[in-house]
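Work through these exercises with the structure in view. Try each task before reading its solution.

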Amino acid sequence: MNKKLIILPAALAAFAISACSTANITEEVPSPDAQLQEEQPDYGTDSQLQEEEQQETEQEQQEGVAVYVSYVKVTAANVNLRSGAGTGYTVLGSAEKDTYYAYVAETDGWYKIRYLNSYAYISKLYSVIYEIEASENEMVESVIREGTKLLGTQYVYGAVRYHDGSGNLNKGFTDTKFDCSSLTQYIFYKGANGLLLGVTTRTQVYQGITVADGGLQRGDLMFFTNSSRSNNSGIERIGHVALYLGDNLILHTSSDYAKIEALSSQRWSYFIQAQRMV
């Protein structure tokens with residue numbers, strides 16, 4: 001039996017909190033200690049945790065042991081995400097059923113997850129751990145970690161790109177709003193040692209190595225058409241990009257916010273090709 005290593009998504013940063021509606025929210029059933037405003041454990045800094053993760057992952061892979069990354073799958077609709085492990089903490093947002101977040105830790109009946117470039121907590125009553133086998137390419141895992149930090153971030157069509165495609169940083173960029181291609185551009189730059197992707201899906205699709213049918217791997221970029229472009233020809237058919245995580249899951253942003261979810265049959269019908277960037 002393969003030993004499983006839980007890779008903890010790294011990083012501690014200041015909360016980027018956005019207001020949200022509490023209508024039809026699934027409320028957590030409080031534990032006896034739910035209302036206690038206790039100080040949360042210190043899990044270390046981004047760089048410390050990332051270094052520890054990489055060392056552990058490389059050691060396990062060198063030993064031929066399967067390495068797994070842990071996510072938290074939401075099992076109910078509109079579940080509160082809170083600033084601490086208890087119902088007395090501030091609601092930061094809500095989570096859709098069958099979406100996934102990067103697992104960080106477990107405490108007092110709650111999972112700590114990545115959310116809005118910081119952290120949040122979700123009750124274990126409405127979520128479960130889900131594991132995906134990690135890539136042997138640490139750079140792939142680094143790119144994915146950058147993406148999971150931004151889960152919950154607002155979708156804005158035409159959001160200002162991090163750079164102009166040649167590495168010149170753009171004024172007005174903010175990491176609080178992305179569209180699909182600005183998100184992939186940003187996480188590859190941050191996670192893959194400054195790898196430069198183009199500014200749109202129709203430039204990014206020309207980069208990297210085209211993945212053969214049946215060869216899709218964790219970390220590949222998937223390019224799709226959509227309802228408004230499906231009748232176009234050539235490159236103009238492409239209208240969406242997502243990062244493939246394995247197990248039929250993608251990390252992307254499309255019309256609402258950055259999320260991890262399963263590829264639907266409709267999305268698969270729009271699939272055109274995949275590109276391997278690292």
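**Exercise 1. State the sign of phi at Asn193, which follows H3, then describe H3 itself.**

Solution.
- Step 1. In this predicted model, Asn193 comes after H3 and has a positive phi, near 55°.
- Step 2. Set that against the general pattern. Most residues other than glycine have a negative phi.
- Step 3. Turn to the helix. H3 has 12 residues and spans 17 Å from its first C-alpha to its last. That is close to the 16 Å expected at 1.5 Å a residue.
- Step 4. Check its cover. Of the 12 residues of H3, 10 are buried, so the rest of the structure largely encloses this helix.
- Step 5. Name the buried residues. They are Cys180, Ser181, Ser182, Leu183, Thr184, Gln185, Tyr186, Ile187, Phe188 and Gly191.

**Exercise 2. Find two loop residues, Asp108 and Ser255, and say whether each is buried or exposed.**

Solution.
- Step 1. Place Asp108. It sits in the loop between strand S5 (100–107) and strand S6 (110–115).
- Step 2. Read its backbone. Asp108 is not a glycine, yet its phi is positive, about 50°.
- Step 3. Apply the cut-off. Exposed means over 50% relative accessible area. Asp108 has 54%, so Asp108 is exposed.
- Step 4. Place Ser255. Its loop runs between strand S14 (249–253) and strand S15 (258–262).
- Step 5. Repeat the checks. Ser255 is not a glycine either, and its phi is positive at about 80°. Its relative accessibility is 61%, so Ser255 counts as exposed.

**Exercise 3. Describe the surroundings of Ala242 and Leu243 in strand S13.**

Solution.
- Step 1. Locate the pair. Leu243 is in strand S13 (residues 240–246), and Ala242 lies in S13 too.
- Step 2. Check accessibility. Buried means under 20% relative accessible area. Ala242 has 0%, so Ala242 is buried. Leu243 has 1%, so Leu243 is buried.
- Step 3. List what Ala242 touches, leaving out residues up to four places away in sequence. The list is Asp220, Leu221, Met222, Phe224, Ile250, Leu251 and His252.
- Step 4. Do the same for Leu243. Val143, Ile144, Ile187 and Phe188 are among its contacts. Gly219, Asp220, Leu221, Leu249, Ile250 and Leu251 are also on the list.
- Step 5. Link contacts to helices. Val143 and Ile144 are buried residues of H2, while Ile187 and Phe188 are buried residues of H3.
- Step 6. Compare sequence and space. Ala242 and Phe223 are 19 residues apart along the chain, with 6.7 Å between their C-alpha atoms. Leu243 and Thr184 are 59 residues apart in sequence, with 7.4 Å from C-alpha to C-alpha.

**Exercise 4. Work out how much of helix H2 is buried.**

Solution.
- Step 1. Get its extent. H2 covers residues 138–149, which is 12 residues. Its end-to-end C-alpha span is 17 Å, close to the expected 16 Å.
- Step 2. Count the cover. 11 of the 12 residues of H2 are buried, and the helix is mostly covered.
- Step 3. Look at the kinds of residue. The buried ones include Glu138, Glu141, Arg145, Glu146 and Lys149. Val140, Val143 and Ile144 are also among them.

**Exercise 5. Place Trp268 and decide how accessible it is.**

Solution.
- Step 1. Trp268 is in helix H5 (residues 265–270).
- Step 2. Its relative accessibility is 36%, so Trp268 counts as partly exposed.
- Step 3. Beyond neighbours within four places in sequence, Trp268 contacts Leu216, Met222, Asn248 and Leu263.
- Step 4. The C-alpha atoms of Trp268 and Thr225 are 9.9 Å apart, and the two residues are 43 apart along the chain.

**Exercise 6. Describe the largest pocket and its lining.**

Solution.
- Step 1. The largest pocket holds about 350 Å³ of space.
- Step 2. It is lined by 20 residues, and those closest to its centre are Tyr155, Tyr157, Cys180, Gly239 and His240.
- Step 3. Sort the lining: 4 residues are nonpolar, 11 polar and 5 charged.
- Step 4. Find the helices involved. H3 (180–191) and H4 (201–204) each give at least two lining residues.

**Exercise 7. Sum up the protein chain: how many helices and strands are there?**

Solution.
- Step 1. The chain has 5 helices and 16 strands.
- Step 2. It has 278 residues, and 48% of them count as buried.
- Step 3. Its accessible surface is about 12,900 Å², with 47% belonging to carbon and sulfur atoms.

Definitions and conventions:
Residues numbered from 1 in each chain as written. Predicted model: local features only at pLDDT ≥ 70, side-chain atom pairs only at ≥ 80, totals over all residues. Heavy atoms only, no water. 1 Å grid on protein atoms, 1.4 Å probe; cavity = no way out; pocket = protein on both sides within 12 Å on 5 of 7 lines; lining within 4 Å. Points joined across faces, edges and corners; volume = space filled by probe spheres on them. Helix = DSSP H or I, 4+ residues; strand = E, 2+ residues; numbered from the N terminus. Nonpolar A, V, L, I, M, F, W, Y, C, P; charged D, E, K, R; others polar. Buried < 20%, exposed > 50% of the residue type's maximum accessible area, 1.4 Å probe, protein only. Areas by Shrake-Rupley, 256 points an atom, 1.4 Å probe, with all protein chains shown as cover. Expected span 1.5 Å × (residues − 1). Contact = heavy atoms within 4.5 Å.
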